[in-house]
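Please open the structure in your viewer and keep the selection panel at hand. The tour below proceeds by selections, with a short account of what is found at each stop.

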Amino acid sequence: MSIRNLDAMFAPKSVALIGGSAREHSVGNVLFLNLASAGFKGPIWVVNPRGARLGASDSYPDIASLPAAPDLAVIATPPQTIPGIIDELGRRGTRAVIIITAGFREMGAEGRALQAQLLEAAKPYLMRIVGPNCLGIMVPGVGLNAAFTHIAPLAGDIAFVSQSGAIVTAIIDWATSRQIGFSHVVSLGTMADVDFGDMLDYLAQDTSTRGILLYIESIADARKFMSAGRQAARLKPVIVIKGGRHREGARAAASHTGALAGSDAVFHAAFRRAGMLRVFGMEELFDATETLSTRPERKPLAGDRLGILTNGGGVGVLATDFLIDAGAHLAELAVETVARLDAVLPRTWSHGNPVDIRGDATAERYARAMEVMLQDPNTDAILAINCPTAVIDNVEAAQAVIVAAKKSSKPVFTAWLGDQGAHAARRIFQNEKIPTYDGGLQAVHGFMHRVHFMRNQKLLMEIPPAAPAWPESDRVGVRVIVERALAEKREWLGEPEAKAVLKAYGVPVVETLTASGVEEAVAAARQTGFPVALKILSPNILHKTDVGGVALGLEDEAAVRAAAQAMLEKVAELRPDASIEGFTVQPLVNRPGAFELVLGLIDDPTFGPVILFGQGGSAVEIIDDKAMALPPLNRNLAEDLIRQTRVSRLLEGYRGRPGANFDAIAGALLAIGDLAADLPELVELEINPLLADRRGIIALDVRMRVKPAKLTSTRRFAIRPYPQRLEGELSDRNGKNYPMRPIRPEDAPLIDDLLANTDPEDLRMRFLSPLRRLPRQLAARLTQIDYDREMAFVLFADQSHSHAAVVGRLSEDSDRIRAEYAILVRSDHQGIGLGYAMMVRLIDYARERGVKEIFGHVLRENRHMLDLCEGLGFERHGLEGEMSVLEMRLMLE
């Protein structure tokens, strides 16, 4: 449902408390006191069957007695009463409810049934519900405190959304002592209705919210969460902490990759893909809040090179250790910077970074050093540290740093050490919106929060290059293999079958022959050529090495015969229950210097298909060097996945060992993503090892698991993949056909070419202002679209697909009620009906999606577009305060 009626939740005109109580320290009493003392301007009505009067507020015996329908109702009554209360409120016209009461889904089958009843009661009225089993909500800006907290949050511009009420109270307490305020504080509880996706959609559009903090334990709707998260993260910082990171259920999984389903690594991949900044504990969340509260967007970070200024050498060294451990870089000061520091600092300064200005440093020395360091071309940010001494006033030193920081566009972080003596200085930094921390470690964490946020934002905005040519997949052949396995009620494909699937998608595999017996294995080895690898073939044995089912480097027929006999005996001893189908025989691949990698795919219960990459081989679990990413991937995302691992540095080559072919590895990752999109039955895949060197890649061992599909291929993705089914053609009024497809992330050059070949006046009509070239961030935003919420079709000028003739776009709101259209037709392709054909296609697509209304903003002087729209049934509407622009609307119901 998303943000519908959430305005009544977070900006109500009236509030009713159902279950208010005069009994001190009861939940109903605390709720009333908080509501009454927060400064809410509208009426607050209390419903209490006993009719007890609470403070200055009127009390009513039942909902029917209320003088009007409350916008928002807060319910704190026994759980069995709540479905009836919801229905009565809905009939009165209430649009939003907060259920404080526990005793629903968390209580088992009976509680789940009761929760279903309250949702069914709310459904006819489109009523929104926060909770049940929650602390409540707080919106300081409108004087709303509908929660039973011990302290009210200050007003500010950070929103905090949490599944845990305890975390809410802790962070409010901490933030208040630091004068950090909030636009919204929301305790979601068990999320019967309003969830994280809804809140992200709402807060992304909320002008009073500059940044968003999330405490997450579970995700109800992964696709909604990812769409909302990516949208919000493009507009403002989103910081997330995940509770419940460890899981014990992976020990018996059939493959290393499969063991990761449902794991914290998958959530980490999702947060990264959504552009969110993840933190790992309450202290780090507090540090991130400190960083966020200082308006980091005013001084964007350019890189991860940190300059450290300190009056204590030891703390500078420790801060450097923290920085290197975190994966960032200590800035290497330019020669001219060192010379300028020599001129303003005593001879005993450290002559390098960290810049130790000695324990007798004055405020003036801080100021001079800061000014020089902030101008260093090799430094992206400064961390100023102060150790308490008897020869310097902490506050004066802080003020000197502030003066220098205000003159620079580079971010400055501070750590004034000590307890009582540092409080005044920290307060000054907080008032000036300069991040300040209790110690060097926390300050480095704050810097790294900015670094990770910067990297995630770049990942959201990067435009991938055109993908290298990759072989067309044989989907028909793969479908035959999968359907045969399912018909035979086999989950695991045989090794030859799994390799055939990979080969069909362009991933090179080692040639593998099957043999039903010992002599057939000898014959197969003779055909393949020595030396060979021999493996047992059994649908019941996945870890062949564990049962003696693998023999390598067999040099002749006698060796193959002996190994096969010994293998049968060993397997019969260790796995007498296993059905033995024979052997597989493959040439021993000789790739000296090749790297062993692992690539995989799992079907996560929350996020659907997830791709894995890491260092492979028999010790894959011990090495534990892996990263995960949500498909679909493009070239940039595939390379980012690779570079999250330690082995990526080895793949670049070192000490004379040649590097590996990154394009080939990335191509294999893209192929796995295509497999997941084409095969809804694919639930697990592991390639281990995949050999990679400068010549390319080859898969030696493959495991692949299939199950009957529960969802379509694309529906199970947390991020909707490229909708290939929408590719097609449109015709001009003369009957000439033009190829058309949805836009892709690598299409930014196409958009630039379209703009370059369109008259300035036509561009003004489309963009409502002159424009010749899109800024890079806007180009990325228009080509890296969320196919689940928006669509852009590219109509090509000819079959070469090298020039765009028309681009049509449809952007849905989060409720899928309205969608805004936009069309640009290349000037030399106007007047032949292509704009009309594109508009008809957009209307048809909107109907397919269930959109209720299409609208677009058109200049009054754009007669051609106005006439086109009216010919399709659109109606004109004026816009308040906009005399030159009309809104054209078409109702689809």
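Begin with the loop residue Leu 588. With a relative accessibility of 36%, Leu 588 counts as partly exposed. The loop that holds Leu 588 runs between β23 (582-587) and β24 (595-604). Add Val 550 and Leu 552 to the selection: together with Leu 588 they make a nonpolar surface patch of about 240 Å². The model under inspection is a predicted one, and local features are reported where pLDDT is at least 70.

**Helix α2 and its surroundings**

Select residues 27-37, which form helix α2. Its buried residues are Gly 28, Asn 29, Leu 31, Phe 32, Asn 34 and Leu 35. An α-helix has 3.6 residues a turn, so residues three or four places apart point the same way. Against which strands do the buried residues of α2 pack? Display β1 (15-18), β2 (44-47), β4 (72-75) and β8 to see these packing partners. Just after α2, select Gly 39, where phi is positive at about 95°.

Continue to Thr 149, in the loop between β8 (144-147) and β9 (155-162). Is Thr 149 buried or exposed? Its relative accessible area is 5%, so Thr 149 is buried. Beyond residues up to four places away in sequence, Thr 149 touches Val 30, Asn 34, Leu 135, Met 138, Thr 169 and Ile 172. One of these contacts, Asn 34, is also among the buried residues of α2.

**Helix α9**

Now select Asp 287, in helix α9 (residues 282-292). The relative accessible area of Asp 287 is 12%, which means that this residue is buried. Show Tyr 437, Gln 442, His 445 and His 449 as well: Asp 287 touches these four, residues up to four places away in sequence not being counted. For a distance check, pick the C-alpha atoms of Asp 287 and Asn 29. The two residues are 258 residues apart along the chain, and their C-alpha atoms are separated by 34 Å.

**Cysteines**

How many disulfides does the structure hold? The count is zero. Two cysteines may be inspected in this connection. Cys 134 is buried, at a relative accessible area of 4%. Cys 387 also counts as buried, with a relative accessibility of 15%.

**Salt bridges**

The count of salt bridges comes to 55. Select Arg 128, Asp 193, Asp 195, Asp 198 and Lys 224 together, for these residues are linked in a network of salt bridges.

Next, display Glu 652 and Arg 643, which form a salt bridge with their closest N and O atoms 2.4 Å apart. Glu 652 is partly exposed, its relative accessible area being 48%. Arg 643 likewise counts as partly exposed, at 39% relative accessibility.

Move on to Arg 695 and Asp 693, whose side chains meet in a salt bridge at 3.7 Å, N to O. Which relative accessible area does Arg 695 have? The value is 60%, so Arg 695 is exposed. Asp 693, in contrast, counts as buried at 7% relative accessibility.

A further pair is Asp 828 and Arg 826, with side chains that meet in a salt bridge at 3.0 Å, N to O. Here Arg 826 counts as buried, its relative accessibility being 10%.

**The loop before β27**

Select Glu 681, in the loop between α23 (662-678) and β27 (682-693). Glu 681 is buried, with 10% relative accessible area. Its side chain makes a polar contact with the side chain of Arg 479, at 2.8 Å. To view the wider surroundings, add Val 482, Leu 486, Arg 705, Val 706, Lys 707 and Ala 709, which are in contact with Glu 681 alongside Arg 479 when neighbours within four places in sequence are left aside.

**Helix α24**

The final selection is helix α24, residues 748-756. Why is α24 largely enclosed by the rest of the structure? Seven of its nine residues are buried, and the helix is therefore largely enclosed. To highlight them, select Ala 748, Leu 750, Ile 751, Asp 752, Asp 753, Leu 754 and Leu 755. Then display the elements against which these buried residues pack: the helices α25 (760-767) and α26 (776-783), and the strands β31 (737-742), β32 (790-796), β33 (804-812) and β34 (818-825).

Terms used:
Residues numbered from 1 in each chain as written. Predicted model: local features only at pLDDT ≥ 70, side-chain atom pairs only at ≥ 80, totals over all residues. Heavy atoms only, no water. Buried < 20%, exposed > 50% of the residue type's maximum accessible area, 1.4 Å probe, protein only. Helix = DSSP H or I, 4+ residues; strand = E, 2+ residues; numbered from the N terminus. Contact = heavy atoms within 4.5 Å. Patch = residues over 30% accessible without salt bridge, like charges linked within 9 Å, V, L, I, M, F, W, Y side chains within 5 Å. Areas by Shrake-Rupley, 256 points an atom, 1.4 Å probe, with all protein chains shown as cover. Salt bridge = Lys/Arg side-chain N within 4 Å of Asp/Glu carboxyl O. Polar contact = N/O pair within 3.5 Å; in protein donor to acceptor, adjacent residues only side chain to side chain. Disulfide = S-S within 2.5 Å.
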